[in-house]
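The following exercises concern the packing of two helices and the overall dimensions of a fold. Please work through each solution with the model in view.

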Amino acid sequence: MSLTKATLSEQIYQILRNDILTQQIPCGEKLTLKLLMERFQVSSTPIREALTRLSQDKLVSYYSNVGVNVIQPGKQELEKIYEFMGDLDGLAIRYAASYEDQEKVIQAIQSVLIQAREAMAKTQPREWNQASDEFHLEFYRFCQNPYLTESAERMRSQLTIFSYRYGQKPEIEKTIQEEHEEIFRVYKSGDFAAAALRMKEHLHASLSHALSLL
């Protein structure tokens with residue numbers, strides 16, 4: 001595998017992150033420095049840097065000088081993650097509601113929903129899942145609070161491991177898309193408190209899909 005020296009750790013990080021999110025590297029898998037060095041044909045330094053970032057993303061449990069294990073959350077941990085993200089997403093909606101140019105917010109979210117619909121029509125689950133994640137993150141981009149945005153981006157990675165898997169099922173994909181459309185409809189109407197509540201309910205429903213994979 002050919003990697004550019006100037007961005008070795010970034011490239012390794014992106015490759016491993018994608019492999020974990022799409023479960024090409026499954027939950028609970030052990031990643032040793034030796035195996036990763038053999039795979040990427042590089043020294044341990046850029047690999048350690050990449051693993052540190054994955055640990056910050058809460059995608060792996062990091063053990064210095066040994067390697068890492070991909071996270072393997074259980075029922076209670078998943079419940080806490082989804083509950084927290086429901087609260088966090090709802091807060092992002094309330095913050096985004098204070099953005100001066102609401103038309104810009106609406107256009108951005110609507111664009112993501114269109115992308116998701118097109119991915120569904122073309123039976124492209126990977127593209128749909130990316131658009132599905134973007135739907136949630138768009139609210140953060142307008143919340144004008146970098147700390148909230150950073151927290152969401154890191155925590156959402158754990159959800160993506162599961163949403164990528166259950167998003168492969170057309171019936172679940174359709175249900176989630178409909179829930180996103182409803183949240184947007186309520187937000188667009190100006191009832192931001194109701195939109196935040198719908199988002200929390202949506203995350204609770206998504207939890208049931210994730211639990212079915214355990």
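**Helix packing**

H2 and H3 are roughly perpendicular to each other (an angle of 65 to 115 degrees). The model is predicted: local features need pLDDT of at least 70, side-chain atom pairs count only at pLDDT 80 or more, and totals for chains, interfaces and linings use all residues. Residues are numbered from 1 along each chain as its sequence is written, and side-chain values use heavy atoms, without hydrogens and water.

**Exercise 1.** Describe the crossing of H2 and H3.

Step 1. The axes (lines fitted to C-alpha atoms over the stretch in contact, with angles from 0 to 180 degrees between N-to-C directions) of H2 (residues 33-40) and H3 (residues 44-56) come within 10 Å and cross at roughly 115 degrees.

Step 2. The crossing of H2 past H3 is right-handed, the near helix being turned clockwise from the far one by less than a right angle.

Step 3. On the H2 side, Leu33, Leu36 and Met37 meet Ser44, Ile47, Arg48 and Leu51 of H3, with contact meaning heavy atoms within 4.5 Å. By class, this contact has 5 nonpolar, 1 polar and 1 charged residues.

**Exercise 2.** Characterise the overall fold of the protein.

Step 1. The protein has 9 helices and 3 strands (DSSP runs: H or I of at least four residues, E of at least two). From the N terminus on, their order is α-β-α-α-β-β-α-α-α-α-α-α.

Step 2. The C-alpha trace spans about 55 × 35 × 35 Å along its principal axes.

Step 3. Of the 214 residues, 46% count as buried (under 20% relative accessible area, 1.4 Å probe, protein chains only).

How values were computed
Parallel < 35°, antiparallel > 145°, perpendicular 65-115°, else oblique. Nonpolar A, V, L, I, M, F, W, Y, C, P; charged D, E, K, R; others polar. Buried < 20%, exposed > 50% of the residue type's maximum accessible area, 1.4 Å probe, protein only.
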